[in-house]
Protein chains: 2
Amino acid sequence: MDDKYRVPAIERAHLILKEISQHPGKLKLIDLSRTLAINKSSMYSLLLTLENLGWVEKETGETYRLGRELSRLGHAAFQRSNLNETFHKEASLAKLRLGESFQLAKLDGREVLYIAKEEALTPVRLASEPGMRLPAHATALGKVMLADLSNDDIDALYPADQEPFSHLTVNSMTTVQALKLSLEQIREQGYALDLEEAVIGFSCAAAPIRNAQGQVIAAVSCSMMLPQWEQKKQSCIEEVCKLAHQLSD
Amino acid sequence: MDDKYRVPAIERAHLILKEISQHPGKLKLIDLSRTLAINKSSMYSLLLTLENLGWVEKETGETYRLGRELSRLGHAAFQRSNLNETFHKEASLAKLRLGESFQLAKLDGREVLYIAKEEALTPVRLASEPGMRLPAHATALGKVMLADLSNDDIDALYPADQEPFSHLTVNSMTTVQALKLSLEQIREQGYALDLEEAVIGFSCAAAPIRNAQGQVIAAVSCSMMLPQWEQKKQSCIEEVCKLAHQLSD
DNA sequence: AAACTTGGTTTTGTATATAAAACCATTTTT
DNA sequence: AAAAATGGTTTTATATACAAAACCAAGTTT
C-alpha cells in the first residue's frame, strides 16, 4: 500500500471498531488502549470522537459497543451495488410490460436473501420484502442459483445426516435426490420455475445473473398468482431471462 | 461538544461516508471535495485510506460507493447488546409457545430500527430484517416507544410545518392529533397494536422494554397474518407483554 | 484512615496529517 | 492541432492530532 497517503487516525478508528465489534460491551478505554497499543490519551480523543459521531456507544461501567450511526451506514452499504439500480430501472420496464412483480435475490447458504423488488399493482402480492429469507430449495430464485453449484457442493450444503427439507407447501421438494434432478433440468434450460412450491396459489420463474467470469452472483424472478400464470407463463419466462441477461456483466 | 478532543480526520471520514451513502456511485473525488469543502489532496488521502480499509469501493469511472467492510461492521452493530442475547433466548421460547414471529427494535427519531428477530416457520413472513426501518407512527413497535415521550416531545418530533405522515396502508394514521390520541390509550394499557397499519394482511402487538430508571429503551413485538391474529390476538398480547417484562431491568 | 490501585481527564511538546500550490495526463474546446 | 479545462497525483509548509507524563477522583487494600 502507498504508505505515504494513509491517514492513521482513520485506520485506528477502524481497529477500534473491529475490536469493539468482537467484544461488545466488554472493553473499557484502558483495555482498548492496551490491546491496540494506543496511548490512553489518544484513545480518549478517538473514543470521544467516535461516540459523538454515533459510531460507538458508552455504557454505564464505561464499556463500549458499536453505535447506531454505524448500523445506519452499514445498512446503506448493503443496498449499494449498481446491480440494485439497474435492477430497478429495467425491472420497472418489465413490470409495465407484464403487469407482474419482479424480485432480485442472492443465495446465502441454503437460503434465498431478497435484495430488492419491483412490485406490480396486483391486488394480492407475495410478501417478498428486501431482507426476507426463504429456503432456497423451495423457490425458483433459490433453485436457479443452486443450479450453479456442482453436485458435490450440493451434498456439502445438504448433508445426509441433516434434518430433512422443510416443505412450505405440498409441492415443495423433500429430498436432495429430487433437488439434484431438478437442478439438472434447470442447468439445461437456463431458468427455474416454482409451481406453488413456496406459497400455495403463487408460481414463479427465475433466471440467473452472472458476472464477467460466468459465475452466478444473484438471480431475478417474476411471481404471480395462478390464474395469471396460466396466461402469461411463457412471456414471464422470457421477461425474466431477458432481465437476467441485462443485469449480467 | 468538547471542542478540544475531536479528531477531525474521523469526522471527515464520517462526512464522506454519509455523502457517499446518499449518492452511491455518483460522486468522484472532485465532487466530494467540493460539496464537503475538503481540499482535493486531503480528500485524496482520505479516500485512499477508506478504500484500503474496505469502507468504500472505487468503481470504473472513479466514482465511489460504500464498501463491504462497512456493511460487515454495521451488521455487527446490531448483534450487540445483551438485550439481544436475552431476546433471542426468551423470544425463541415464546415463538415455540405461540408459533409466530417476534421482533426487537429501537426508536431512532421518527423511525423504528429493527434490531433482531425470532422468526416462526410460517410460509409468509413480514420482512423485519435487522437494519430495516419503518415509520414509527405506522407500527406497533414505534407507537409503543413513542408513547414514552411527552406530548411536547411528540410536537418537537413532528413539527406542524413538516410534511404529513407517510401512510403505508389505508389504515395508517395521518395526523399528529390521531397519533397523540392513540399514544394516550397505549400509555394506559401498556401495549400497542398495529391493525394492518404497516402492511395489509399483517397485524402486530408490541410492548415496551424499560431500563432500571423506567425509561423505554426498546420494544418487542409479535406479528402475524390476519387469520392467525383472529385466533391468537389475546395470547399474542400476553406473550409480548411477558417478554418485554423479562427484557426490562 | 493512610497508602495504593485503577481508570478517566488535562496539559504540553513533537510527530504527522492536511491545505495550498504546482504538476501532469486526459479530455474537451476552438 | 493548439489551447484550455478537467481531474487525479506530488511536493512542501504549516496547522493539528497524538504520546507521554502529570493529574485527579473513586474504589481497594492493609
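Begin by selecting DNA strand C together with the 18 residues around it, where a residue counts as near if one of its heavy atoms lies within 4 Å of the strand, and look for A:P8, A:K40, A:Y44, B:R12 and B:S42, which come nearest. Of the atoms of DNA strand C that come within 4 Å of the protein, 67% belong to sugar and phosphate.

What you have open is a predicted model, in which local features need pLDDT of at least 70 and side-chain atom pairs count only at pLDDT 80 or more, while totals for chains, interfaces and linings use all residues. Residues are numbered from 1 along each chain as its sequence is written, chains are lettered from A and ligands numbered from 1 in the order in which they are written, and side-chain values use heavy atoms, with hydrogens and water left out.

Staying with strand C, select A:K40, where a polar side-chain atom lies 2.4 Å from a base oxygen of the strand. Next come two contacts with phosphate: a backbone N or O atom of A:I30 lies 3.5 Å from a phosphate oxygen of DNA strand C, and an N or O atom in the side chain of B:N39 is 3.4 Å from a phosphate oxygen of this strand. The elements that give two or more residues to the surface near DNA strand C are α2 and α3 (40–52) of chain A, together with α1 (8–22) and α3 (40–52) of chain B, helices being DSSP runs of H or I with at least four residues, numbered from the N terminus.

Now select DNA strand D, which has 19 residues around it, with A:R12, A:S42, B:P8, B:K40 and B:Y44 coming nearest. Here 63% of the strand's atoms within 4 Å of the protein belong to sugar or phosphate, and the rest to bases. Phosphate oxygens of DNA strand D are found 3.2 Å from an N or O atom in the side chain of A:N39, 3.4 Å from a backbone N or O atom of B:I30, and 3.4 Å from an N or O atom in the side chain of B:R34.

Finally, select helix α1 (residues 8–22) and helix α2 (residues 29–36) of chain A, which pack at an angle of about 115° with their axes 11 Å apart. The two helices are therefore roughly perpendicular to each other, a term that covers angles of 65 to 115 degrees. To see their contact, meaning heavy atoms within 4.5 Å, show A:L15, A:I16, A:E19 and A:I20 of α1(A) with A:L32, A:T35 and A:L36 of α2(A).

Terms used
Axes fitted to C-alpha atoms, helices over the stretch in contact; angles between N-to-C directions. Parallel < 35°, antiparallel > 145°, perpendicular 65-115°, else oblique. Polar contact = N/O pair within 3.5 Å; in protein donor to acceptor, adjacent residues only side chain to side chain.
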